Every structure is written in C-alpha cells, then in structure tokens.
Amino acid sequence: MIRDTEVTRLIVEQFSKTFLEHIHIDVAIVGAGPSGLTAARYLAKAGKKVVIFERKLSPGGGMWGGGIGYPVIVLKQGHEILEETGTKCVEKDGYWTANSIEAVAKCVAAALDSGAQIFNAMSVEDVMVRDGRICGVVVNWSAIMDVGLHVDPVSIEAKAVIDATGHDCDITRIVEKKYGLNTPTGKIEGEKSMWADEGERKTVEHTAEVFPGLYVTGMAANAVAGAPRMGPIFGGMLLSGKKVAEMVMEKI
Ligand code: 48F
C-alpha cells in the first residue's frame, strides 16, 4: 500500500538533507546553460563542491531550441568538449552539428555524473560580500520571485561565484550596481549585434574575474565586455565554460 504522507516525508527529508549539505560550497554557478553546465562538469570532476542554481524548471538554457526552434546546434570549435559528454557531433563542411536535445540531456547528465548538484526553479537574487570579495549567493524559489511575494531569501557560502546567466548577466549587473566592477570601464558595456565569428572569439577572451570572487562565462562574458552575440553556434560557450573552470581552480 502506498501511504501518501510517506511520499511527502521522503521528498521533504531528501531535499532538506541535500540542500543542507550544500550551504557551504566551493563554487556557486548561476545558470544551467551550456557554459554553466560545462564549467560545473570540469570543476566537479576536479573534486570541487559545485552547485548550479537554475531559475527555470529545466536546465539547458538557450540550447534546447537550436536555431529558430530547429533542434540543431552548430559548432566551429570545441566539439570535443561536447563529445566528452557522449553527444554525437557530425562534421560537415568544416563545421560540426549536434542534436540540441541530446546536447542538453548529455551536458546535464555529465555535470551530475561528475558530482555537481543542480537546484532548479531557484533564482539567485543577490550576492554576499565580505571585505570587498564575493563569498556567496542569496537564493529564493523562482515562483516566489515571479509572483512578487515579500518572502526573504536564504544564503549559500561559496569560495567563488560564476555568472553563467547568459545575455542578462544578472549577477554581474547586481554587483555593478552596488559596487562597480574590476573591468577596464568598471561597468557593463552591453551585448552588441550578431556577429558569430567575433562573438565566438570574444566570449572566450572575455571569460574573466570581473570582481573579486565573481567570474563571467558564456554569453554573460560578452554582455559585460560589449562584444557581439553569436546566435545558435555553441563552441564558444563550451570553451568559455572550460576556461572559467580552469581559472577558478587556479584560485581556490
Ligand atoms: O542563456 P544561457 O543558455 O547562457 P549561456 O551558457 O549560453 C548562451 C546560449 O544559450 C545562447 C547563445 C549561443 O551562442 O548565445 O544564448 O551563456 O543560460 C543561462 C541560464 O541562466 C538562467 C536562465 O534561466 C538560463 O537557463 N538564469 C538567468 N538568471 C538567473 C538564472 C538567476 N538570477 N538565477 C538563476 N538562474
């Protein structure tokens, strides 16, 4: 016989236990798009305690829909990073293509298998700062934030925070507003119009620590630095995710 309240107890008990095991972590990654998932995989594989906080129910960010909803992504570089997850990449005319649904599913699975934790439906709404350094994130359920309920969030301590929130560069925007950034101009330059070749190069180049303890990766790196968007080509996201993982590993 199934006892309904046993289902309740198991869910609440299991989630509370997992959450409490992750209130002091090495790296908090905000956003489970391709760059965040890749960073999480490499960091967790290196033995770091990593959590991705994802605002939506489904991790995957902008990769699900390929281009114009056709579930295909294109890569010019970095296909080997995707292949490490088990995603099949097909070479054609100097490019690689992959099924976007397979790519998301396998990037998520690879991050989890490496030991990263994903908390979905949870938004990061602020950071923690001590002695001029980011030392954690402030989180709340997305549903609470979407409805606009006046419910206070809770905090998670982390040695490093990675902003992988894509075009919005949500976390860097919060820090810019309150403290300014350690970038050449000290502010967010804003994403420029589509130019895949330049955007792909710049997203890796601009993957950086923009405030002590805060790193940007993926499209957030281009939005902060004022570089172009690049549409449904994803090699730069993967390379940026790998680069940010290496940068963080050197520091913590
Ligand atoms: O947008 P997204 O996929 O970021 P990315 O890894 O990749 C960009 C590409 O998908 C595409 C592109 C390819 O060339 O340009 O756009 O840079 O994933 C960002 C994730 O962050 C979540 C959001 O729901 C999405 O899944 N997110 C955004 N803000 C928050 C957040 C927040 N404050 N808290 C938690 N999650």
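## Strand E8 and its neighbours

In this predicted model, strand E8 covers residues 133-141, and 7 of its 9 residues are buried, that is, under 20% relative accessible area. Strand E8 is therefore largely enclosed by the rest of the structure.

Strand E8 pairs with two strands. Strand E7 (residues 122-130) runs antiparallel to E8 and is joined to it by 8 bridges; within this pairing, Ser123 faces Asn140 of E8. The two strands make a hairpin with 2 residues between them, and Asp131 in the turn has a positive phi of about 50 degrees. Strand E9 (residues 154-163) is also antiparallel to E8, with 4 bridges between them, and here Val139 stands opposite Val154 of E9.

## The largest pocket

The volume of the largest pocket is about 640 Å³. Its lining comprises 33 residues, and those closest to the centre are Gly61, Gly62, Thr165, Gly166 and His167. By class, 14 of the lining residues are nonpolar, 13 polar and 6 charged.

Helix H2 (34-45), strand E2 (50-54), strand E7 and helix H6 (170-179) each contribute at least two residues to this lining. Strand E7, the hairpin partner of E8, gives the most, with 3 residues.

## The second largest pocket

The second largest pocket holds about 170 Å³ of space. Among its 13 lining residues, Thr183, Pro184, His206, Val224 and Ala225 lie nearest the centre. Strand E10 (208-211) and helix H8 (219-225) are the elements that supply two or more residues to this lining, which consists of 6 nonpolar, 4 polar and 3 charged residues.

Definitions and conventions. Residues numbered from 1 in each chain as written. Predicted model: local features only at pLDDT ≥ 70, side-chain atom pairs only at ≥ 80, totals over all residues. Heavy atoms only, no water. Buried < 20%, exposed > 50% of the residue type's maximum accessible area, 1.4 Å probe, protein only. Pairing = 2+ DSSP bridges. 1 Å grid on protein atoms, 1.4 Å probe; cavity = no way out; pocket = protein on both sides within 12 Å on 5 of 7 lines; lining within 4 Å. Points joined across faces, edges and corners; volume = space filled by probe spheres on them. Nonpolar A, V, L, I, M, F, W, Y, C, P; charged D, E, K, R; others polar.
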